[in-house]
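Subject: Model handover, chains A and B

Hello,

Please find the structure below. My notes on the interface come after it.

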Amino acid sequence: MSEAVIMTGNSAAALAAKLCRVQVIAAYPITPQTSVTETLSNYVESGELKAEYVRVESEHSALTVCISAATVGARVFTSTSSHGLLYMHEQVHWAAGARLPIVMCCVNRGVGAPWTIFNDQQDSISQRDTGWIQLYCRDNQEIIDTIIHAYKIAQQVYLPVMVCYDGFVLSHTMMPVVVPPAELVDEFLPPYVPHTFLDSDNPYNINPVLFPWRRPDAQGVLRDGYMEMRYKLNAAMDEARGVIQVTNGEFAQRFGRDHGGLIWEYESAAAEIFVVAIGSIANEATIAIDTLRREGVKIGLVGVRSFRPFPKQELRAALAKAKSIVVFEKAISYGHEGALACELKAALYGSNIRVPLHSYVAGLGGRDVNASELAAALRDSLEQIAAGICEPPSYWLNCRV
Amino acid sequence: MEETNKLLDRDENICAMSKPAPGEAGRTGDWRDLKPVIDDRKCVPVIRNKPSCFLCWLYCPEGVVSAGFPIKIDYDYCKGCGICAEECPAKAISMVEEDK
């Protein structure tokens with residue numbers, strides 16, 4: 001049907017935005033995201049993409065432009081990394097509270113100080129509680145497809161979606177990508193219908209101050225207070241769980257590629273030991289799984305695709321037969337442990353899955369993590385678990401202190 | 001908007017919205033501690049009986065002063081900031097304690 005093209009993750013992201021016929025793009029350059037928006041500005045300049053490309057002076061303004069444009073009904077796109085994402089943090093909250101279906105790529109990069117331009121996931125993981133759906137990609141094919149998913153998900157539940165993928169590891173690495181045909185994307189992705197309209201004959205104040213209590217508006221209709229609006233935001237996030245799965249299923253049917261909805265599995269059918277990981281490190285870990293399987297270890301993997309909403313039930317189901325679990329992740333919640341390990345343990349609380357769990361913080365600031373190192377860490381953990389060391393604090397892989 | 005919501009079977013208030021209308025933020029007059037009271041015997045437009053001065057009307061940040069003869073203040077929404085009393089060149093407005 002379609003041929004594979006060799007391209008970087010950033011090229012795949014830009015191409016996906018074009019295929020989704022975005023109408024407004026506003027972004028500010030930051031490594032390793034820059035080539036996404038450079039490519040998009042080329043598309044707009046050459047007339048390949050009919051969109052408004054708004055040049056802004058900061059990431060805060062970039063997301064503000066997207067918020068305004070999405071409010072009046074445009075399909076919008078932006079992308080950023082690390083300090084750029086953190087600079088727009090206030091508007092990250094605003095976009096979710098305003099219930100706007102913005103899609104933003106976060107090309108994952110570590111956060112200073114000290115400066116780093118290299119990959120980990122501290123930037124997006126630290127935005128966990130902003131009300132954005134967060135989807136993590138394992139390879140470049142998943143980037144192009146997930147952005148198409150993201151628009152469809154976002155405009156059904158009226159929540160913004162952050163499509164996260166690892167800087168350099170994916171953003172600047174070339175791999176084969178099957179480009180979805182434009183006419184199929186058009187069929188898959190209906191136009192965005194906004195929930196608010198700007199109409200000068202019928203003026204509204206959008207997102208005014210709300211009081212702690214519910215109270216009638218000037219027409220006497222009882223309106224929600226701040227807390228009701230927050231409840232609805234969380235309810236939309238719960239609704240998104242199903243929408244993400246249905247969207248993935250529909251995409252798989254039409255395009256022949258199934259990325260898993262909220263999670264994906266590898267060699268999990270007869271596994272007793274499970275690796276849980278997120279992003280490209282999960283992809284790398286599949287090679288370690290192959291190695292250990294050859295050594296006779298009954299090991300499989302569960303990749304987390306959706307970090308928010310967190311797939312509690314799906315993880316419980318996938319890990320039902322686990323005798324031990326090892327988590328690899330590229331972020332740390334300082335003073336505790338890796339965020340994924342922490343969330344996973346919380347999700348398993350109250351279930352029948354009461355098994356040893358080791359977690360590894362790995363690859364911070366771009367430190368390389370390869371399959372043989374992951375395999376070695378797994379062997380190490382399995383030995384320790386056999387010796388009764390069941391729940392130690394997070395290990396820092398390849399950190400020499 | 002209502003049509004879209006019907007179409008989508010959606011809550012009309014997915015995000016917070018308000019229509020511009022008097023009292024949209026409630027009867028803000030009950031925020032008031034001090035109430036501006038105009039003494040018509042000192043008020044310049046009343047004395048001259050023609051449009052003049054109206055600085056209280058001009059400066060009121062809430063738009064609750066009506067320029068007329070006499071000048072009227074809408075106490076439902078006057079927050080009692082006292083700017084009118086401060087600006088009145090004839091010292092015709094005094095801020096008095098609310099009884100309640």
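The notes below cover the contact between the two chains.

This is a predicted model, in which local features need pLDDT of at least 70, side-chain atom pairs count only at pLDDT 80 or more, and totals for chains, interfaces and linings use all residues. Residues are numbered from 1 along each chain as its sequence is written, chains are lettered from A and ligands numbered from 1 in the order in which they are written, and side-chain values use heavy atoms, with hydrogens and water left out.

Chain B touches 28 residues of chain A through 20 of its own (contact: heavy atoms within 4.5 Å). The two chains bury about 2,100 Å² between them, 55% of it on carbon and sulfur atoms (accessible area, 1.4 Å probe, lost on being put together, summed over both parts). On the chain B side, the most area is lost by Ile14(B), Ala16(B) and Lys19(B), together 27% of what that side buries.

Zero salt bridges were found across the interface (side-chain nitrogen of Lys or Arg within 4 Å of a carboxyl oxygen of Asp or Glu).

Helix H1 (2-8) and strand E1 (17-18) of chain B each supply at least two residues of the side that touches chain A (DSSP runs, at least four residues for a helix (H or I) and at least two for a strand (E), numbered from the N terminus). H1(B) gives the most, with three residues.

E1(B) also pairs with strand E9 (residues 205-206) of chain A, antiparallel, over two bridges (pairing requires at least two DSSP bridges). Within E1(B), Met17(B) is the bridge partner of Ile206(A).

Regards
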